[in-house]
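User: I should like to learn how to read helix packing, aromatic pairs and burial in a protein model. Could the discussion proceed one feature at a time?

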Amino acid sequence: MAQKRGSKVAEVADDEVVVPLQAVLLADSFTQKFRPITMERPKVLMPLINVPMIDYTLEWLASVGVEEVYIFCCAHAKQVTSYLERSHWKSQTNFIVTAIESNDCVSAGDALRLIDQRNVIRGDFVLVSGDTVSNMSLRQVLQEHKERRRKDKLSVMTMVVKHTKPSSVTHQNLLGNDELLLGVDPETKQLLYYEDKKDYGKTHQGSGNIILDQSIVTDRSAVQLYNNRQDCFIDICSPELLLLFTDNFDYQQLRRDFVKGLLSDEVMGYKIFTYEIHSEYAARIDNFRSYDAVSKDILHRWTHPIVPDIPFSRNSPPIRLESQGIYKAAGVMQSHSAIICGTTILGEGTSIGDCCNITDSVIGQGCIIGCNVHIQGCYIWNNVTIHDNAKLRYATVCDGAVVKEGAVLEPGVILSFNVVIGQNFTVPMYSKISLTPQPTEEDSDEELEYAEGAGGVTESLTKPFSVVENEINCQNGKRDEESMDGQSWNVLEVGVTGTGYKWSLGENNQEEEWRHSVSPIPYEKIQELILKKRFDFDETTLDIGTVQTPGESKPDSEIADDESEKPETAYFNKEVEETFRRAVLEVPGVEQHHVIIEVNGLRLAYNMSFSDCAGALFHAILNLALEAPHAGPSELFINALNVITKWRDLLKHYLKSEDDEVEVLLKFEEICLETGKEFAPIFSKMLEVLYDKDILTEEAILSWASEKQEADESDKVFVKQSELFIQWLQEASEEEEDDKEEEEEEEGGGGEAA
């Protein structure tokens, strides 16, 4: 059996049958992370930059040559199938979309068993969720998977992964997913180990090492361990994968049960491989933080050609990209005194009143925003009304909701469909308000979002993604509440004239809510984690290298750190760089002064000096230059010049004395000899830049050169390279001294003459 690749022609063996490239799309995440919204609408129909989430996945599948897609629907299946029937996907000639409904499945494993029973998969297929956004090509990964299958029929899956940068403070990547530990054969790319950092901590408490099974390293020259890879949840699968699910009912979740189960099964010998993408984009929306991150990536055009101003769905009306990253649809009515800034999109037919300030937000269709409204980092869906003087920060507001005059939504708030927040009422951080009462018995996170649906929970009456006649009377701010059947609401939860139930956060969920919110992690929480980690080091968060000996292994990078710097210093340097990176990536809410505040906190937490901060920041800045494309030293120099110019003020903030400047020079030498050897040939030119930009003073450079006079010859490499520049500085300094002496003599002579 062979699958067709991204093109219409596939190479097949003589005994193989050509079949269309197929995909299985799971339209249910089988979790509850988007409640209470998913009590009324399936996650795949939630708007992502004002377009249903599933459209991004289908558009990508259609663009890479998939011809048949089987969409498995569980929660709110009727809403999904109804949407598909009305969509343009049903009219595509070379792209057949078929929905498969089930009200009995409670896991991805159940879904795949039902797919197997239907006997619709005829060859290798793409397995993906309906919350995936990507622009990657499948040609190469399909080819590699097919070639492995020809040689070894036990190769049942190829998993797409991507480089990421997990935070050493929260142990999460930018998508809000837990840090992932992967073990891969560097030669064959076979996956050997797969574990969430969170799960690993539960099973290996107190261990600073990664413990591998003996069988993983047997007969292998090396095993590469990663903690900086992101699982994209895009899999190329063989048909045998479905049989494995059918034969084993313990396989419920794809990763925790199936992948880890296969890796630990030495009897059957089935294999999983990895395929790493680099410049291409792929991400799954697993929680509100990833919803925010992927939204920002789309607006910043990392997903091109799937971007707002290139329509790919009937639900994406024409949008134009204006200056400074502002997207506007047709019919937007904006007051001249309103300020729209940051990366913001304004949906069709939305009106914005006088003196509003909207920053880094997504505004849906048909919204009415009053006067003097402040919105920052929010997701406002369709037909939302926000009255005068309201303030919203990092909140999610669903269709038909009303925020009355003077109301405040604090960071992390979620207002579900048709909720009303009363006048001058403040909704506290991370509150969730819904017209649907909170279930009395919570299902586990592993179960279906609508697990209680069979018990009578009705689907949303809201028509997804259609701009309907707004029921809000904008002139008097009143809403027709007769439909609420006289329901009385708790004014302490939604304010006077407000409507909705406040969902309580469980004891375990309350502390973790900040991890998965669209709101930036509070500064106080970061400080708390830093202080906690200072007294409770977990060395597995350091960079992980290659394991060459069986049994209990210690990362190579950790061994290197033992020889050169203390683990605490390594932590400090990593966290400073991650803080700097958030500013570089323009993470919402992170500006240069926030970096200074956070680095100051790290300095106090780790008991570091200003020179330590300057050295860590300088290293981070040079890493940024190294990562930019360059063909040689001259282009690397231009990269470095650009980043140093941009971040000069930040670096200079920590150069409080001449000694601090000398320490940065010593750090630069160290970088050129170790981690950034590409800078070695251009050290002297870089030194001139640092002087010209007033980062290093003449006195500091000459002091550094003077200290090197008694050093070994091997330690004078960069002083000799900079000899001409140092000589020029010395001569200029002597000339200045001579000029001063002459001026003093002239002043003295003038005084005597007088």
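Analyst: Contact here means heavy atoms within 4.5 Å. The model is a predicted one. With that cut-off, Ile621, Leu624, Ala625 and Leu626 in α16 meet Leu636, Asn639, Ala640, Val643 and Ile644 in α17. By residue class, this contact of α16 with α17 comprises 8 nonpolar, 1 polar and no charged residues.

User: How is the geometry of such a helix pair described, and at what angle do α16 and α17 pack?

Analyst: Two packed helices are described by the angle between their axes and by the distance between those axes. Helix α16 (residues 610-627) and helix α17 (residues 633-646) pack at about 135°, and their axes are 8 Å apart. That angle makes α16 oblique to α17. The crossing of α16 and α17 is right-handed.

User: Please apply the same reading to α19 and α20. At roughly what angle do their axes cross?

Analyst: The axes of helix α19 (residues 658-673) and helix α20 (residues 683-692) cross at roughly 150° and come within 12 Å. Angles over 145 degrees count as roughly antiparallel, so α19 is roughly antiparallel to α20. The crossing of α19 and α20 is right-handed.

User: Which residues of α19 and α20 meet?

Analyst: From α19, Leu665, Phe668, Glu669 and Cys672 meet Phe683, Met686 and Leu687 from α20. The residues of this contact divide into 6 nonpolar, no polar and 1 charged.

User: Let us turn to aromatic residues. Which residues form one aromatic cluster?

Analyst: Phe618, Phe668, Phe679, Phe683, Trp704 and Phe718 form one aromatic cluster. Phe668 and Phe683 also appear in the contact between α19 and α20.

User: How is an individual aromatic pair recognised, and how many pairs does the count come to?

Analyst: Rings pair if their centres lie within 6.5 Å, and planes over 60 degrees apart count as edge-to-face. By this rule the count comes to 16 aromatic pairs. One of them joins Phe288 and Tyr291, an edge-to-face pair at 6.5 Å centre to centre with 75° between the planes. Phe288 and Tyr291 are separated by about one helical turn because they are 3 residues apart in helix α9 (residues 288-299). Both Phe288 and Tyr291 are buried.

User: Why is the pair of Trp489 and Tyr501 edge-to-face, and where do these residues lie?

Analyst: The ring planes of Trp489 and Tyr501 stand at 70°, with centres 5.0 Å apart, so the pair is edge-to-face. Trp489 lies in the loop between β37 (432-434) and α10 (491-494), while Tyr501 lies in strand β38 (residues 501-503); the pair therefore ties together parts that are 12 residues apart in sequence.

User: Do buried and partly exposed residues occur in that pair, and which is which?

Analyst: Buried means under 20% relative accessible area. Trp489 counts as buried because its relative accessibility is 17%. Tyr501, at 27% relative accessibility, counts as partly exposed.

User: Where does Ala222 lie, and is Ala222 buried or exposed?

Analyst: Ala222 lies in the loop between α6 (214-217) and β14 (223-226). At 12% relative accessibility, Ala222 counts as buried. The C-alpha atoms of Ala222 and Asp185 are separated by 6.8 Å, although these residues are 37 residues apart along the chain.

User: What describes the chain as a whole, and how many helices and strands does the chain have?

Analyst: The chain has 23 helices and 40 strands. Of its 754 residues, 56% count as buried. Among contacts between residues at least 6 apart in sequence, 64% join residues at least 24 apart.

Key. Residues are numbered from 1 along each chain as its sequence is written. This is a predicted model: local features need pLDDT of at least 70, side-chain atom pairs count only at pLDDT 80 or more; totals for chains, interfaces and linings use all residues. Side-chain values use heavy atoms; hydrogens and water are left out. Axes are lines fitted to C-alpha atoms, for helices over the stretch in contact, and angles run from 0 to 180 degrees between N-to-C directions. Helices (H or I, at least four residues) and strands (E, at least two) are DSSP runs, numbered from the N terminus. Angles under 35 degrees count as roughly parallel, over 145 as roughly antiparallel, 65 to 115 as roughly perpendicular and the rest as oblique. A crossing is left-handed if the near helix is turned anticlockwise from the far one by less than a right angle, and right-handed if clockwise. Ala, Val, Leu, Ile, Met, Phe, Trp, Tyr, Cys and Pro count as nonpolar, Asp, Glu, Lys and Arg as charged, and the others, Gly among them, as polar. Rings of Phe, Tyr and Trp (its six-membered ring) pair if their centres lie within 6.5 Å; planes under 30 degrees apart count as stacked, over 60 as edge-to-face and the rest as tilted. Buried means under 20% relative accessible area, exposed over 50%, partly exposed in between (1.4 Å probe, protein chains only).
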